[in-house]
Amino acid sequence: MLETVNLFKEVPPHYLTELEKLSSTRKYPKNTILVTEGDESNHLYIIRQGTVSVYLSDNEGRQVILNYMQEGEYFGELSLMDGKVRSASVMTVAPCELTVISRSSFQELLNNNHDFSLVMNRELTRRVRELTESVRDLALLDVYGRVSHTLEKLADDKQQIHNPKVTHQDIANMVGSSREMVSRIMKQLIIGEYIEQHSGCIELKKKLPRNW
């Protein structure tokens with residue numbers, strides 16, 4: 001399974017075999033908090049089944065959803081590399097099965113295998129570039145642009161967003177806007193036949209316009 005994960009796509013097979021031996025598989029029910037922002041870091045998590053949300057929260061309980069992650073994606077890799085506390089919280093939004101690799105096992109492979117370290121550095125650089133792009137969107141795009149970009153990012157190969165079906169409030173939390181504003185934008189996209197909202201998913205019917 002590890003060979004299908006972006007983090008390990010360029011890793012030679014014998015390292016993957018070692019990682020498989022060092023990993024364990026765990027199952028978690030829906031609404032389980034896996035990682036809390038500010039906690040000490042101990043594990044890398046790889047999603048085998050299910051969906052998680054990655055979010056930030058403040059002392060008043062307000063949340064900003066950074067992303068939804070599904071099968072084949074991973075989280076916890078930055079803290080494994082630098083030993084710092086968790087930078088965000090993660091919660092299951094559906095029953096999940098995860099592969100878990102401890103920080104000590106991961107660091108042992110990094111310290112003893114130079115080529116493995118190089119591959120990890122390349123992948124982490126890619127993740128930082130993705131984060132930079134997200135910050136750019138928040139800074140430079142208007143609300144419609146941020147909603148459009150978020151819908152496209154969440155859509156799968158069939159241009160559907162599901163597991164879970166995100167609500168207007170979820171999208172508002174992701175783009176830093178009000179639910180009312182997001183609802184108005186979504187209504188206009190439906191009227192323009194750019195998207196359809198079904199009981200179990202949101203479907204993108206055609207390429208969303210760059211501006212509204």
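Okay, let's start with Glu203: at 17% relative accessibility, Glu203 counts as buried, because buried here is under 20% relative accessible area, with exposed over 50% and partly exposed in between, using a 1.4 Å probe and protein chains only. Before I go on, this is a predicted model, where local features need pLDDT of at least 70, side-chain atom pairs count only at pLDDT 80 or more, and totals for chains, interfaces and linings use all residues. Residues are numbered from 1 along each chain as its sequence is written, and side-chain values use heavy atoms, leaving out hydrogens and water.

So where does Glu203 sit? Glu203 is in strand β11, residues 202-204; strands are DSSP runs of E, at least two residues, helices are runs of H or I, at least four, and the numbering goes from the N terminus. The side chain of Glu203 makes a polar contact of 3.1 Å with the side chain of His198. By polar contact I mean a pair of N or O atoms within 3.5 Å; within protein, one must be able to donate a hydrogen and the other to accept it, and residues adjacent in sequence count only if both atoms are side-chain atoms. Leaving aside residues up to four places away in sequence, Glu203 touches Gln159, Gln160, Tyr194, Ile195, Glu196 and His198, with contact meaning heavy atoms within 4.5 Å.

Next up, helix α6. How many of its residues are buried? Seven of the eight, so to speak a mostly covered helix. The buried ones in α6 are His168, Asp170, Ile171, Ala172, Asn173, Met174 and Val175. Just after α6, Gly176 takes a positive phi of about 70°.

Now the partners of α6. In general, two packed helices are described by the angle between their axes and the distance between the axes. Our axes are lines fitted to C-alpha atoms, for helices over the stretch in contact, and angles run from 0 to 180 degrees between N-to-C directions.

Take α5, residues 143-154, against α6, residues 168-175: the axes come within 10 Å and cross at roughly 110°. That makes α5 and α6 roughly perpendicular; the bins are under 35 degrees for roughly parallel, over 145 for roughly antiparallel, 65 to 115 for roughly perpendicular, and oblique for the rest. On the α5 side we have Arg146, Val147, Thr150, Leu151 and Leu154, meeting Ile171, Met174 and Val175 of α6. That contact of α5 with α6 divides into six nonpolar residues, one polar and one charged. Nonpolar covers Ala, Val, Leu, Ile, Met, Phe, Trp, Tyr, Cys and Pro; charged is Asp, Glu, Lys and Arg; the others, Gly among them, are polar.

And α7, residues 179-191? What angle does α6 make with α7? About 110°, with the axes of α6 and α7 8 Å apart, so α6 and α7 are roughly perpendicular to each other. His168, Gln169, Ile171, Ala172 and Val175 in α6 meet Arg179, Val182, Ser183 and Met186 in α7. The split for α6 with α7 is five nonpolar, three polar and one charged.

Last stop, two more helices. Tyr15, in α1 (residues 13-22), is buried at 7% relative accessibility. Outside residues up to four places away in sequence, Tyr15 touches Leu109, Asn113, Asp115 and Phe116. Arg103 is in α3, residues 103-112, and at 27% relative accessibility Arg103 counts as partly exposed. Arg103 and Asn42 are 61 residues apart in sequence, yet 5.1 Å apart in space, C-alpha to C-alpha.
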